[in-house]
Amino acid sequence: MADTATTASAAAASAANTSTDAPPFQLGKPRFQQTSFYGRFRHFLDIIDPRTLFVTERRLREAVQLLEDYKHGTLRPGVTNEQLWSAQKIKQAILHPDTNEKIFMPFRMSGYIPFGTPIVVGLLLPNQTLASTVFWQWLNQSHNACVNYANRNATKPSPASKFIQGYLGAVISAVSIAVGLNVLVQKANKFTPATRLLVQRFVPFPAVASANICNVVLMRYGELEEGIDVLDGDGNLVGSSKIAARHALLETALTRVVLPMPILVLPPIVMSMLEKTALLQARPRLLLPVQSLVCLAAFGLALPLAISLFPQMSEEHSGTSASPPTLQGDHVHRDLLEEIETSQLEPEIARATSSRTVVYNKGL
């Protein structure tokens, strides 16, 4: 059966016209090479492309049907690689890969910029009150939780209590740290008013970063006890490793600290410089629109640039599962595999395979 599907796909691939500016189509694979920085950057720009929010129901059905035709080798003559890549982009942007159900628009990756930017603008507003600090941190983590749940791995049912636990832990840690740091800054007598305002603008970053770490620990602490699956180069299950689980959680925690930086650190730096310009000093009403544009630029360019710095093995293997990513830089690719030498893992893992290295899904 697998051979028949492979033959049909190969026939469909040869039937698709070769486009000068589009690589040969591969079903389920990224369009751009993931081995280069530029390829990863283009890939993530595709993922967060907000234009797919405006795809009609009819266009979605056409895209799904085109991919089905490709899969079964029944493509009509004249279909180009560009059309196939476009169809796959539309399907992946709208439909959940496990359930094939439509993801609610604000929680899609293509909704990342339009629905995430207002939240970041709110997080970075100057002169926040206690109530506004709590509100924006709560709203941010609530949006995170919804994105998390909407894009969860549905191949293995997970109790809703796990998501609720992660959500509550993230909200409590984010609000506690944001409020605590703001109180400390207000009581710091050594700061001038200008310095105090500047420092306050950076408070959201440690709050969000700590909440992201808290979320991943609460959601995935079971992996430390049970271990995670490790696979050989052919995608065959070798065994379950607790050491790989530790590596996965440490790498994920580091990623969740680094990736919010372009969104929550760059805008305060840029705004502190722009506010000194004659234009904004003469027209203070422009501050909020300008800050919104700066945050939009951070979302649309700085975030994909930061994500693209991380080399990834991006292949699909059955049986792997990744924790779904959250807002502020975690929503990347569901099937991220990390390579590790068997000599670093448990002896039973090393004995179970002849491969020098194995891979595991680190999650996000």
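Start with helices α9 and α10, which run roughly antiparallel to each other in this predicted model. Select residues 204-226 for α9 and residues 242-258 for α10; the two pack at an angle of about 170°, with their axes 9 Å apart. An angle over 145 degrees counts as roughly antiparallel, so the label fits this pair. While you have the two on screen, look at the handedness: α9 passes α10 in a right-handed crossing.

Now show side chains along the contact. On the α9 side, pick F205, A209, N212, I213, N215, V216, R220, E223, L224, E225 and E226. They meet K242, A245, R246, A248, L249, T252, A253, R256 and V257 of α10. Colour that set by class and you should get 10 nonpolar, three polar and seven charged residues.

**Next stop: the strands**

What sort of pairing do β1 and β2 have? Select residues 228-231 for β1 and residues 237-241 for β2: the pairing is antiparallel, over four bridges. To see one of these partnerships, click D229, whose bridge partner in β2 is S240.

Then follow the chain through the turn. β1 and β2 make a hairpin, with five residues between them. Stop at G235 in that turn and check the backbone: phi is positive there, at about 85°.

β1 has another partner to visit. Add residues 357-361, which are strand β5; β1 and β5 pair in the antiparallel sense, over two bridges. Zoom in on V230 and you'll find Y360 of β5 standing opposite. If you turn on side chains here, keep in mind that in a regular strand they alternate between the two faces of the sheet.

**Another helix pair**

Go back along the sequence and select α7 (residues 160-187) with α8 (residues 193-201). Their axes come within 10 Å and cross at roughly 170°, so α7 and α8 are roughly antiparallel to each other. Which residues make the contact? On α7, choose N182, V185 and Q186; on α8, choose R196, V199 and Q200. By class, that contact holds two nonpolar, three polar and one charged residues.

**Zoom out**

Finish with the whole protein chain in cartoon view, where there are 15 helices and five strands. Switch to colouring by burial: of the 364 residues, 48% are buried. If you'd like a contact map alongside, take the contacts between residues at least 6 apart in sequence; 74% of those join residues at least 24 apart.

How values were computed
Residues numbered from 1 in each chain as written. Predicted model: local features only at pLDDT ≥ 70, side-chain atom pairs only at ≥ 80, totals over all residues. Heavy atoms only, no water. Pairing = 2+ DSSP bridges. Axes fitted to C-alpha atoms, helices over the stretch in contact; angles between N-to-C directions. Parallel < 35°, antiparallel > 145°, perpendicular 65-115°, else oblique. Left-handed = near helix turned anticlockwise from the far one by under 90°. Contact = heavy atoms within 4.5 Å. Nonpolar A, V, L, I, M, F, W, Y, C, P; charged D, E, K, R; others polar. Buried < 20%, exposed > 50% of the residue type's maximum accessible area, 1.4 Å probe, protein only.
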